[in-house]
Number of protein chains: 2
Amino acid sequence: MRMLSQAVEDYLKTIYKLQGEDRVATNHIAAVMEVSSASVTNMLKRLTRLELVDYASYQGVRLTEAGTQVALEIIRHHRLLETYLKEVMGFSWSEMHEEAERLEHHISEEFEERIDEMLGYPTHDPHGHPIPTKDGKIAASATQTLAETEPGEHVVVHHVSDGDSDLLDYLEGAGLLPQSKVQVVEKEPFNGPLKVALGGKERVIGREVAAQVFVRPAIHRTTASGTVASSSAERTETK
Amino acid sequence: MRMLSQAVEDYLKTIYKLQGEDRVATNHIAAVMEVSSASVTNMLKRLTRLELVDYASYQGVRLTEAGTQVALEIIRHHRLLETYLKEVMGFSWSEMHEEAERLEHHISEEFEERIDEMLGYPTHDPHGHPIPTKDGKIAASATQTLAETEPGEHVVVHHVSDGDSDLLDYLEGAGLLPQSKVQVVEKEPFNGPLKVALGGKERVIGREVAAQVFVRPAIHRTTASGTVASSSAERTETK
DNA sequence: TCTTATTTTTAGCCATGGCTAATTCAGTGC
DNA sequence: GCACTGAATTAGCCATGGCTAAAAATAAGA
Ligand SMILES: [Mn+2]
Ligand SMILES: [Mn+2]
Ligand SMILES: [Mn+2]
Ligand SMILES: [Mn+2]
């Protein structure tokens with residue numbers, strides 16, 4: 001396939017993220033990408049010619065298999081870059097995302113390979129999002145949020161929303177990053193705050209924040225030393 | 001200044017490299033950049049509107065002070081990136097240059113700052129080319145080549161040409177990289193090969209290769225331990 | 001079913017940055 | 001001073017990817 005432009009790659013990535021079971025609406029893409037609907041229609045026609053999407057006027061759009069592979073390749077770049085920028089280069093949450101958003105379109109396969117190796121072939125980025133493999137497979141993510149978790153339940157943070165970097169700074173301070181073990185102690189009614197226990201301390205967090213924290217049930221097991229360890233069930237269904 | 005495109009940045013960089021004392025010709029830029037002369041004229045008009053060049057029809061072009069600063073900023077990115085890609089990420093000579101050529105247009109000031117710091121604020125890239133400072137100053141380079149060096153002269157390799165990566169691989173194997181101490185032993189006439197001494201061994205190299213190796217006279221001094229050390233006179237005139 | 005509201009597309013415009021072919025300019029030789 | 005030649009510019013085209021405003025299609029409500 002001929003070199004794809006940054007614009008084409010960003011459209012494919014956006015469609016990938018918006019498409020669940022059903023087709024994605026023109027206006028939806030326009031809203032997320034902050035461009036006019038007319039621009040979206042124009043691009044969808046070109047993506048159709050490139051056989052990267054399956055599109056019919058007024059019927060919305062879906063990625064073809066080829067389009068999906070391109071989207072996953074870009075997402076792989078993005079997530080490997082974020083991991084590298086944060087772990088190796090010490091970028092903050094906000095800088096990291098912005099930088100990865102640009103560089104994802106400009107690194108070579110060689111560069112991708114090097115950072116993957118330097119990072120020890122990570123499977124998840126700093127947000128806890130799965131990193132697609134080189135051959136375009138991606139692990140499933142957790143769908144349960146901390147806000148939906150019932151008091152008494154023991155969970156492990158799987159991933160956190162990557163939309164708001166101020167939120168990420170807050171979550172980092174609160175210790176609510178991927179791998180953290182959390183227990184919900186209490187939930188105030190009427191969408192009130194949650195009292196959670198983590199790292200031996202109790203802490204109150206708002207319902208909105210809790211809805212951005214995705215969790216998996218913790219698995220309890222007794223270690224050789226007799227202490228109780230827990231971790232999330234890591235299902236790696238590739239869908 | 002508004003965000004400049006990759007094309008604009010590459011034109012400025014090319015003009016910077018071509019301009020010595022006098023103005024640069026349209027055809028010269030076209031040849032180096034492998035675009036048509038018409039495209040160059042078109043771009044020069046736009047660069048003029050942006051006040052990045054001083055251009056008059058049929059009279060050639062020169063960078064303005066603003067244009068020079070942009071060019072130096074891009075060259076700084078390029079050379080810091082090359083150093084990082086080679087030293088930290090283990091890229092080869094050929095991959096390194098290609099990668100830097102693209103990434104130089106897409107890294108943030110933050111990224112530039114981080115790699116500068118991680119590298120310990122280097123003054124020269126792996127070719128021995130000076131890295132412009134953040135405030136747009138650049139050290140002078142050596143102008144004498146090994147081919148011009150007379151037998152008996154002791155010199156230190158200052159920088160090597162960065163045009164041909166196969167040549168760079170060869171020079172690396174020959175030990176003719178920046179900082180290497182070399183003595184010309186013999187020069188065959190009629191543009192014949194040179195016999196040089198370096199690292200305690202003698203070696204024969206072609207005149208063409210020697211013309212791509214830039215050197216400075218070695219300064220001899222006696223160390224405390226009695227051995228003789230030499231290094232090049234590092235003049236850092238910023239021009 | 002018919003009207004209305006919403007979504008989407010079309011039409012037409014613009015900037016960027018390429019290209020080829022035709023023309024114009026500047027310098028050299030006569 | 002004039003013709004010639006090579007360099008440079010102009011004219012006119014194209015693809016990409018934005019935009020606004022108008023028109024058309026679809027979905028929803030009475
Ligand atoms: Mn991100
Ligand atoms: Mn992007
Ligand atoms: Mn280079
Ligand atoms: Mn470049």
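**A tour from H78(B) to DNA strand D**

Start at H78(B): its relative accessibility is 5%, so this residue counts as buried. Keep in mind that the model is predicted.

Next, select ligand 3, a manganese ion. Its donors are NE2 of H78(B), OE of E82(B) and ND1 of H97(B), at 2.1 to 2.3 Å. Along the sequence, these donor residues follow the spacing H-x3-E-x14-H. The two histidines link distant parts of the chain. H78(B) sits in helix 4 (residues 65-87) and H97(B) in helix 5 (residues 93-103) of chain B, 19 residues apart. Now colour H97(B). With 25% relative accessibility, H97(B) counts as partly exposed, because buried means under 20%.

Zoom out to both protein chains. Chain A superposes on chain B after a rotation of 180° with 0.0 Å of shift along the axis, at an RMSD of 0.1 Å. That is the relation of a two-fold axis. Both copies use the same surface: 100% of the contact residues of chain A recur in chain B.

Now show DNA strand D. It is surrounded by 22 residues, with S5(A), S39(A), R46(A), K45(B) and Y55(B) the closest. Of the strand D atoms within 4 Å of the protein, 82% belong to sugar and phosphate. The nearby residues comprise 10 nonpolar, nine polar and three charged. Highlight helix 3 of chain A, which gives the most to this surface, five residues.

Finish with individual contacts. The side chain of K45(B) places an N or O atom 2.2 Å from a phosphate oxygen of strand D. At Y58(B), a polar backbone atom is 3.1 Å from a phosphate oxygen. At Y58(A), a side-chain N or O atom is 3.3 Å from a sugar or linking oxygen.

Technical notes
Residues numbered from 1 in each chain as written. Chains lettered and ligands numbered in written order. Predicted model: local features only at pLDDT ≥ 70, side-chain atom pairs only at ≥ 80, totals over all residues. Heavy atoms only, no water. Donors = N, O, S within 2.8 Å, 3.2 Å for Na, K, Ca; no water. Helix = DSSP H or I, 4+ residues; strand = E, 2+ residues; numbered from the N terminus. Buried < 20%, exposed > 50% of the residue type's maximum accessible area, 1.4 Å probe, protein only. Least-squares fit on C-alpha atoms with pLDDT ≥ 70 in both. Contact = heavy atoms within 4.5 Å. Near = heavy atom within 4 Å. Polar contact = N/O pair within 3.5 Å; in protein donor to acceptor, adjacent residues only side chain to side chain. Nonpolar A, V, L, I, M, F, W, Y, C, P; charged D, E, K, R; others polar.
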